[in-house]
Amino acid sequence: MDDVAVVGAGPAGLAAAVEAAEAGLAVALLDAAGQPGGQYWRHYDETHDRPADRVGHHGWPVFTGLRNRLDALRAAGRIRHLPGHQVWLITRDEGGTFTLRMTATASTSAGSGIDRSLLARALILCPGGYDRQLPVPGWDLPGVMTAGGAQALLKGHRTTAGRRAVVAGTGPFLLPVATGLARAGVRVAAVVEANATLGWLRDPLGAMSAPGKAVEALQYAALMARHRIPYRTRTVVREILGTDRVEAVRTVRVNTAGLPAGPEQEIAADLVAVGWGFTPSLELPLMLGAETVQDTDGSLVVAVDDRQRSSVDGLYVAGEATGVGGATLAVHEGRLSALALAAALGHPADPAVTRRLRGAVRRGRRFAAAMQRTYPVPGAWPQWLSETTLVCRCEEVSYGDLRRAYHDLGAEDARTLKMLARPGMGWCQGRVCGFATAAIAAQLSGRATTADDLRALATRSLAVPVPLGELADLADDTTPVETLEHPTRERGRDGE
């Protein structure tokens, strides 16, 4: 049995795994990807080109340092790194032991060669997040991508999805996407930002909590100027135009609520990269019953204490699942969770280091809150939709379908709306349409979106789709899950 299973090998998970192993814990690091780094440090296949994979990345020395430590700890048998493993079910028995069930991902060359389950005394979940999307007329046309998807193609495969792009939505993430595309040879016709950047002035203390971010902003401003990329604030893409694929976007100036306040304009493009911030991945912590709260930006996040402990004994959560705040904050949270767990299990953990990390996390959270207040999702965005605009693309549920479910069938909350109109019941299980559906349910009822609205679209019985054979094996399994011994542990130690 492992002391701790760390799920996710992005900034938080990498930091947690190496810190826990160096503190003396037996660690299993599981990740769906074939190589470490997560979405933030996604890079080209290391087996082909490790020296050049740092192009376009911030904090690359931090990643290479963590990766080198991971390599050394893995070689020493202190970390079991399991890439290409997707966790689809976690349970916790009465004794507090966690059982993780896994399946192969596309990054695993041979599905039959993966570990199907493991046991751990404690768990550090670092599941990250994904692009938050808002529906808009035409967003289902070929050529429309999430901002993160456009960047992932560029970082992971050195491929662009178009030749003339519009990058739209809100938040500082639009800048690395736009400049990355421009450096790859794409003509970026405009960055369309829904908010005004002067929002930082409302919280100067929060803005100054991460001084390194100001340097990054200046670097992006210089790149935007070098590539002559127009940056249009208080502007949104109201409609995406095209017949068989994207041909142009229609933009409009908006006020602080997101209501039209200026003339419309068309911009030709064959690629539209849209991002409205990020939505934390909460399938696994919700599966275990972890308590949640709403963050400053309205997202549902896991509630943790000042040591990254959740409401479930033995469960620690770090990174975007506790609130979107960037890679630096995620690294600090990952390290803090590992040291807190090590101390709880009786291993040495320098209290001075723990105090410094707690302070760094507090400052990171202040900056994250200031960022979220500066770049909110415009409150009036549902008014951009037409009756025929698809909200749930998997089940082909339109905005008109949701309105009829509310007015004709009495679906006054997100859960009932999901039951009667089927948004969030398709292949993605609400990952794409969940935030939007919850907001529409609240808007139709004339109230603010609540945690219950979001939880109804974020809770899933299984974290990811799995073959029926996996479920059949689980149902037929009447014997205890085989304990996967860590190489540094002897069978029978500590009462195992």
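Which elements are among what covers the buried residues of α11? The close-ups below take this up, along with a small sheet elsewhere in this predicted model.

**View 1. Helix α11 and its cover.** Helix α11 spans residues 414–421, and its buried residues are Ala414, Leu417, Lys418 and Ala421. Looking down the axis of α11, you would find these buried residues within an arc of 100°, so they line one face of the helix. Their cover includes β21 (397–398) and α10 (399–409), together with α12 (434–444) and α13 (451–458). Turn to the other side of α11 and you meet Arg415 and Met419, which are exposed.

**View 2. The two ends of α11.** At the start of the helix, look for Asp413: one of its side-chain oxygens comes to within 3.1 Å of the backbone nitrogen of Arg415. Just past the helix comes Arg422, with a positive phi of about 75°.

**View 3. An open sheet of three strands.** The strands lie in the order β12-β13-β14, and their pairing is antiparallel. At the edges are β12 (235–242) and β14 (260–268), each of which pairs on one side only. From one strand to the next, the twist averages 20°. As a reminder, strands of a sheet pair through backbone hydrogen bonds, either parallel or antiparallel.

**View 4. Where β12 meets β13.** Here β12 pairs with β13 (residues 246–254) in the antiparallel sense, over seven bridges. To find your way along this pair, pick out Ile240, which stands opposite Val249 in β13.

Key: Residues numbered from 1 in each chain as written. Predicted model: local features only at pLDDT ≥ 70, side-chain atom pairs only at ≥ 80, totals over all residues. Heavy atoms only, no water. Pairing = 2+ DSSP bridges. Helix = DSSP H or I, 4+ residues; strand = E, 2+ residues; numbered from the N terminus. Axes fitted to C-alpha atoms, helices over the stretch in contact; angles between N-to-C directions. Buried < 20%, exposed > 50% of the residue type's maximum accessible area, 1.4 Å probe, protein only. Arc of directions from axis to C-beta. Contact = heavy atoms within 4.5 Å. Polar contact = N/O pair within 3.5 Å; in protein donor to acceptor, adjacent residues only side chain to side chain.
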